Every structure is written in C-alpha cells, then in structure tokens.
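Subject: Structure for your files

Hello,

Here is the structure I said I would pass on. My notes on it follow below.

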Amino acid sequence: MGFFDGYNVATSGMSAQRTRINIVSANIANAQTTHSTEGGPYKKQNVIFQEVLLDSNKKSKNETNDSKIDPLSLRGVGVKEIIDSKDEAVLKYEPEHPDANKDGYVAYPNINPVIEMVNLIEAMRSYEANVASFKTQKDMDTKTLDIIKM
C-alpha cells in the first residue's frame, strides 16, 4: 500500500457520497413535481456505486487470465451510474390541478420523503466517516514525521 492510498480511498468515498447527497436532495426537492422536461412527473433517481482501482497497472502475481486483478488494488469507490427509478407514479384525484388528466387524476412521483431523509442522513454519515478516515490518516502521517524528526 502506497503512502497516499489511504487518502485516495477516503476522497473517493467522499466524492461518491457527495454525489449521492446531491441526488437524494434532488429527489426530496422534487417529491411533488408533477411536470418535468421529459413530460409526466419527476422520476426518482438512484446512485449505483462501483469499486475503483487505485492502481490499474498492478496485476496479480499468479495471473492466468489477463482480466484478473489483484484484489488488494481494489480500494476505492466511485459512481457507476445514476438511474431512474422504475416505480410507477402515484395518482391523486385533483381535477382542478393544471396537470390533471381527463379523469381528473394527477400523477405524482413515487417518492417517500421520510425514506429519502433516511437515505440523506445515511449518505451524510458515510461522508463524515470518510472525512474522519482522511483526518486519521493525516494525523498518523504527521506523528510519523514527528518521530522521524527526533
């Protein structure tokens, strides 16, 4: 493990969780949006994470297949993609609403603000854990340098 690998792991986690916080915040903000640019109600979005190679040149020593990579090099996380939820819209009877259909029903996004708030809190705690990891790595390196100076 290299000197900066701990920092790279923590910063990749912070970046991924920041993206998740932004997406969940957008879901909360648009929980009542009945008309989007694509037409219809806002579609809830979800973030899909993937593992990231910090050193893609590092191959397994007993490699029999070119696609096999040393598991010790799999040390980060990134955003693989942001996908729209497949949940159906929730129909509410509001005949006076401008987005009501011919039967008087309005399609609202299937977003539960309570669940989204829990997701937001979880993402924030994960971000904070990565910040703490980064700070711990920095403190260890500082103490190591202090010991070396003596």
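A contact here means heavy atoms within 4.5 Å. On that basis, among contacts in the protein between residues at least 6 apart in sequence, 64% join residues at least 24 apart. Please note that this is a predicted model.

Overall make-up

The protein has 2 helices and 4 strands, and from the N terminus on its elements run α-β-β-β-β-α. Of its 150 residues, 25% are buried. The exposed area of the protein is about 10,400 Å², with 54% of it supplied by carbon and sulfur atoms.

Helix α2

Helix α2 covers residues 113-149, which is 37 residues. From its first C-alpha to its last it reaches 54 Å, close to the 54 Å expected at 1.5 Å a residue. At the start of α2, asparagine 112 places a side-chain oxygen within 3.0 Å of the backbone nitrogen of valine 114.

Which residues of α2 are buried? They are Glu116, Leu120, Ala123, Asn130, Gln137 and Asp141. An α-helix has 3.6 residues a turn, so residues three or four places apart point the same way. The cover over the buried residues of α2 includes α1 (5-29).

Glutamate 116

One of the buried residues of α2 is Glu116, and I looked at its surroundings in more detail. Glutamate 116 counts as buried because its relative accessibility is 1%, and the cut-off for buried is under 20%. What does the side chain of glutamate 116 make polar contacts with? One partner is the side chain of asparagine 27, at 3.3 Å; another is the side chain of lysine 44, at 3.0 Å. Leaving out residues up to four places away in sequence, glutamate 116 touches Val24, Asn27, Ile28, Lys44 and Ile111. Asn27 and Lys44 are thus on the list of residues touched as well as being polar partners through their side chains.

Tyrosine 93 and the surface

Tyrosine 93 lies in strand β3, which spans residues 90-93. Is tyrosine 93 buried or exposed? It counts as exposed, because its relative accessibility is 53% and the cut-off for exposed is over 50%. Tyr93 also belongs to a nonpolar patch on the surface, which it forms with Leu91 and Tyr105. Together the three residues of this patch have about 340 Å² of accessible area.

Regards

Conventions:
Residues numbered from 1 in each chain as written. Predicted model: local features only at pLDDT ≥ 70, side-chain atom pairs only at ≥ 80, totals over all residues. Heavy atoms only, no water. Patch = residues over 30% accessible without salt bridge, like charges linked within 9 Å, V, L, I, M, F, W, Y side chains within 5 Å. Areas by Shrake-Rupley, 256 points an atom, 1.4 Å probe, with all protein chains shown as cover. Salt bridge = Lys/Arg side-chain N within 4 Å of Asp/Glu carboxyl O. Buried < 20%, exposed > 50% of the residue type's maximum accessible area, 1.4 Å probe, protein only. Expected span 1.5 Å × (residues − 1). Polar contact = N/O pair within 3.5 Å; in protein donor to acceptor, adjacent residues only side chain to side chain.
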